[in-house]
Amino acid sequence: MTFLKGRSMLWLLVPATFAIAYWWDRSTEPKPDFVEVSTNPDYYLSNTETIEFDSNGQPERSFTTVKTLHYKDIMQTHLEKPVMRFNDDQNPSWTVSSEKAVSNELSEQLVLEGDVTVKLERQPAQSNVLLTMSILKIDFASETAFTDQPIELVDGHFRMTAVGMQADLRTNNIEFQSEVFTEEL
(Lines give C-alpha, C1' and ligand atoms only; values in the text may rest on other atoms or scores of the structure.)
Protein backbone atom coordinates (compact mmCIF):
# COMPACT_ATOMS: atom_id res chain seq x y z
CA MET A 1 0.00 0.00 0.00
CA THR A 2 2.95 2.33 0.24
CA PHE A 3 2.83 2.50 -3.54
CA LEU A 4 -0.57 4.24 -3.49
CA LYS A 5 0.38 6.60 -0.66
CA GLY A 6 3.18 8.23 -2.62
CA ARG A 7 1.16 8.41 -5.79
CA SER A 8 -2.09 9.75 -4.33
CA MET A 9 -0.89 13.30 -4.75
CA LEU A 10 -0.27 12.63 -8.44
CA TRP A 11 -3.81 11.26 -8.92
CA LEU A 12 -5.19 14.48 -7.42
CA LEU A 13 -2.97 16.78 -9.51
CA VAL A 14 -4.09 15.39 -12.89
CA PRO A 15 -7.83 16.23 -12.48
CA ALA A 16 -6.98 19.50 -10.73
CA THR A 17 -4.80 20.56 -13.70
CA PHE A 18 -7.66 19.96 -16.16
CA ALA A 19 -10.13 21.82 -13.94
CA ILE A 20 -7.80 24.85 -13.63
CA ALA A 21 -7.15 24.90 -17.41
CA TYR A 22 -10.92 24.73 -18.11
CA TRP A 23 -11.72 27.62 -15.73
CA TRP A 24 -8.73 29.67 -16.89
CA ASP A 25 -9.93 29.77 -20.52
CA ARG A 26 -12.32 32.74 -20.54
CA SER A 27 -12.55 33.02 -24.34
CA THR A 28 -15.98 32.92 -25.97
CA GLU A 29 -16.82 30.76 -28.90
CA PRO A 30 -16.86 32.80 -32.11
CA LYS A 31 -20.10 32.98 -34.06
CA PRO A 32 -20.14 30.97 -37.28
CA ASP A 33 -19.13 32.90 -40.42
CA PHE A 34 -22.61 32.84 -41.91
CA VAL A 35 -23.99 34.76 -38.90
CA GLU A 36 -21.26 37.42 -38.96
CA VAL A 37 -21.47 38.16 -42.70
CA SER A 38 -23.80 41.13 -43.35
CA THR A 39 -24.52 39.96 -46.90
CA ASN A 40 -26.68 37.14 -45.62
CA PRO A 41 -30.42 37.79 -45.45
CA ASP A 42 -32.18 37.98 -42.11
CA TYR A 43 -35.08 36.02 -43.57
CA TYR A 44 -35.87 33.96 -46.65
CA LEU A 45 -39.27 33.08 -48.14
CA SER A 46 -40.09 30.85 -51.09
CA ASN A 47 -43.18 30.65 -53.29
CA THR A 48 -45.07 33.50 -51.64
CA GLU A 49 -48.35 35.09 -52.65
CA THR A 50 -49.71 38.29 -51.15
CA ILE A 51 -53.21 39.63 -51.86
CA GLU A 52 -54.35 43.14 -50.93
CA PHE A 53 -58.09 43.78 -50.67
CA ASP A 54 -60.08 47.01 -51.03
CA SER A 55 -62.66 48.25 -48.50
CA ASN A 56 -65.36 46.09 -50.17
CA GLY A 57 -63.33 42.91 -49.79
CA GLN A 58 -62.44 42.68 -53.49
CA PRO A 59 -58.87 41.79 -54.52
CA GLU A 60 -57.10 45.01 -55.51
CA ARG A 61 -53.47 43.86 -55.89
CA SER A 62 -51.63 40.58 -55.76
CA PHE A 63 -47.94 39.84 -55.62
CA THR A 64 -46.20 36.49 -56.12
CA THR A 65 -42.51 35.54 -56.02
CA VAL A 66 -40.46 32.39 -56.31
CA LYS A 67 -37.92 33.57 -53.71
CA THR A 68 -37.78 36.57 -51.35
CA LEU A 69 -34.64 37.59 -49.44
CA HIS A 70 -34.74 40.45 -46.91
CA TYR A 71 -31.60 42.30 -45.78
CA LYS A 72 -32.28 44.47 -42.74
CA ASP A 73 -28.78 46.01 -42.67
CA ILE A 74 -29.21 47.60 -46.10
CA MET A 75 -33.03 47.88 -45.92
CA GLN A 76 -33.61 45.94 -49.15
CA THR A 77 -35.72 43.02 -50.26
CA HIS A 78 -34.52 40.97 -53.23
CA LEU A 79 -37.13 39.08 -55.24
CA GLU A 80 -36.83 36.35 -57.86
CA LYS A 81 -39.45 36.11 -60.60
CA PRO A 82 -41.90 38.63 -59.12
CA VAL A 83 -45.37 39.02 -60.66
CA MET A 84 -47.60 41.93 -59.61
CA ARG A 85 -51.24 42.23 -60.64
CA PHE A 86 -53.24 45.44 -60.23
CA ASN A 87 -57.02 45.06 -60.46
CA ASP A 88 -59.47 47.94 -60.60
CA ASP A 89 -63.16 47.99 -61.55
CA GLN A 90 -62.85 51.25 -63.49
CA ASN A 91 -59.50 50.57 -65.20
CA PRO A 92 -58.11 47.56 -67.04
CA SER A 93 -55.93 45.08 -65.13
CA TRP A 94 -52.14 45.43 -65.23
CA THR A 95 -49.63 42.61 -64.76
CA VAL A 96 -45.95 43.42 -64.20
CA SER A 97 -43.31 40.66 -64.18
CA SER A 98 -39.53 40.30 -64.38
CA GLU A 99 -36.66 37.92 -63.66
CA LYS A 100 -35.61 39.72 -60.47
CA ALA A 101 -36.35 42.86 -58.48
CA VAL A 102 -34.94 44.88 -55.60
CA SER A 103 -37.20 46.83 -53.25
CA ASN A 104 -35.43 49.74 -51.53
CA GLU A 105 -37.40 50.39 -48.36
CA LEU A 106 -35.94 53.82 -47.62
CA SER A 107 -36.58 55.32 -51.07
CA GLU A 108 -39.84 53.40 -51.73
CA GLN A 109 -38.52 52.28 -55.12
CA LEU A 110 -38.80 48.93 -56.80
CA VAL A 111 -36.19 48.16 -59.48
CA LEU A 112 -37.21 45.35 -61.84
CA GLU A 113 -34.53 43.77 -64.04
CA GLY A 114 -34.35 41.11 -66.73
CA ASP A 115 -37.14 40.57 -69.24
CA VAL A 116 -39.49 43.11 -67.67
CA THR A 117 -43.02 42.89 -69.10
CA VAL A 118 -46.02 45.07 -68.40
CA LYS A 119 -49.27 43.64 -69.74
CA LEU A 120 -52.51 45.61 -69.95
CA GLU A 121 -55.47 43.24 -70.13
CA ARG A 122 -58.35 44.93 -71.87
CA GLN A 123 -61.92 43.92 -72.57
CA PRO A 124 -62.33 40.87 -74.86
CA ALA A 125 -63.28 43.10 -77.83
CA GLN A 126 -59.96 44.98 -77.57
CA SER A 127 -56.45 43.62 -77.91
CA ASN A 128 -54.08 43.45 -74.96
CA VAL A 129 -51.06 45.76 -74.75
CA LEU A 130 -47.61 44.37 -73.97
CA LEU A 131 -44.72 46.64 -72.95
CA THR A 132 -41.24 45.06 -72.66
CA MET A 133 -37.86 46.39 -71.50
CA SER A 134 -34.75 45.26 -69.62
CA ILE A 135 -35.05 47.56 -66.55
CA LEU A 136 -38.03 49.34 -64.99
CA LYS A 137 -38.04 51.47 -61.84
CA ILE A 138 -41.29 52.05 -59.95
CA ASP A 139 -41.45 54.92 -57.46
CA PHE A 140 -44.34 54.21 -55.10
CA ALA A 141 -44.13 57.64 -53.42
CA SER A 142 -44.80 59.54 -56.68
CA GLU A 143 -46.72 56.65 -58.32
CA THR A 144 -44.55 56.73 -61.42
CA ALA A 145 -42.59 54.15 -63.40
CA PHE A 146 -39.62 54.99 -65.59
CA THR A 147 -36.70 53.60 -67.57
CA ASP A 148 -33.94 54.93 -69.80
CA GLN A 149 -33.56 51.59 -71.62
CA PRO A 150 -34.96 50.61 -75.06
CA ILE A 151 -38.62 49.63 -74.85
CA GLU A 152 -41.14 47.95 -77.11
CA LEU A 153 -44.90 48.43 -76.96
CA VAL A 154 -47.02 45.91 -78.88
CA ASP A 155 -50.74 46.38 -79.43
CA GLY A 156 -52.90 44.18 -81.62
CA HIS A 157 -52.47 46.67 -84.50
CA PHE A 158 -48.98 48.14 -84.17
CA ARG A 159 -45.50 47.87 -82.60
CA MET A 160 -43.76 50.94 -81.15
CA THR A 161 -40.11 51.17 -80.13
CA ALA A 162 -38.36 53.97 -78.25
CA VAL A 163 -35.59 54.59 -75.75
CA GLY A 164 -36.77 55.64 -72.30
CA MET A 165 -40.21 56.37 -70.93
CA GLN A 166 -42.05 57.70 -67.91
CA ALA A 167 -45.46 56.40 -66.88
CA ASP A 168 -47.96 57.96 -64.49
CA LEU A 169 -49.56 55.05 -62.66
CA ARG A 170 -52.53 57.13 -61.47
CA THR A 171 -53.64 58.16 -64.98
CA ASN A 172 -52.15 55.23 -66.98
CA ASN A 173 -50.32 57.68 -69.29
CA ILE A 174 -46.96 56.85 -70.84
CA GLU A 175 -44.58 59.53 -72.09
CA PHE A 176 -41.70 58.36 -74.28
CA GLN A 177 -38.30 60.04 -73.82
CA SER A 178 -37.04 59.65 -77.41
CA GLU A 179 -38.23 59.47 -80.97
CA VAL A 180 -40.84 56.73 -81.37
CA PHE A 181 -40.76 54.31 -84.31
CA THR A 182 -44.07 52.71 -85.19
CA GLU A 183 -44.70 49.68 -87.37
CA GLU A 184 -48.11 48.32 -88.35
CA LEU A 185 -48.65 44.62 -87.69
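A residue counts as buried when its relative accessible area is under 20%, as exposed when that area is over 50%, and as partly exposed in between. Keep these cut-offs in mind while moving through this structure, which is a predicted model.

Start by selecting R159, which at 28% relative accessibility falls between the two cut-offs and is therefore partly exposed. Show its side chain together with that of E183, and you will find the two meeting in a salt bridge, with N and O 3.5 Å apart. Because R159 belongs to strand 10 and E183 to strand 12 (residues 181–184), this pair ties together parts of the chain that lie 24 residues apart in sequence. E183 is also partly exposed, with a relative accessibility of 43%. Now add E152 to the selection, since E152, R159 and E183 are linked in a network of salt bridges.

Next, select M160, which is placed in strand 10 (residues 158–168). Is M160 buried or exposed? Its relative accessibility is 15%, so M160 counts as buried. If you leave aside the neighbours within four places in sequence, M160 is in contact with I151, E152, L153, F176, V180, F181 and T182. Draw a line between the C-alpha atoms of M160 and V180, and the distance is 6.5 Å, although the two residues are 20 apart in sequence.

Move now to strand 2 (residues 59–71) and select H70 within that strand. With 10% relative accessibility, H70 counts as buried, and, not counting residues up to four places away in sequence, H70 touches P41, D42, Y43, Q76, T77 and E105.

Stay on strand 2 and select K67, whose salt bridge with E80 brings the closest N and O atoms to 3.3 Å. This pair links distant parts of the chain, with K67 in strand 2 and E80 in strand 3 (residues 76–80), 13 residues apart. K67 is partly exposed at 23%, and E80 is likewise partly exposed at 35%. Another salt bridge to display joins the side chains of R61 and E52, at 3.9 Å from N to O. A search of the whole structure finds six salt bridges.

Finally, switch to a cartoon view and follow the pairing of strands, beginning with strand 2 and strand 4 (residues 83–86), which pair in the antiparallel sense over four bridges. Select T64 to see V83 of strand 4 standing opposite. Strand 4 in turn runs antiparallel to strand 5 (residues 93–97), and four bridges join them. Here R85 stands opposite T95 in strand 5.

Methods
Residues numbered from 1 in each chain as written. Predicted model: local features only at pLDDT ≥ 70, side-chain atom pairs only at ≥ 80, totals over all residues. Heavy atoms only, no water. Helix = DSSP H or I, 4+ residues; strand = E, 2+ residues; numbered from the N terminus. Buried < 20%, exposed > 50% of the residue type's maximum accessible area, 1.4 Å probe, protein only. Contact = heavy atoms within 4.5 Å. Pairing = 2+ DSSP bridges. Salt bridge = Lys/Arg side-chain N within 4 Å of Asp/Glu carboxyl O.
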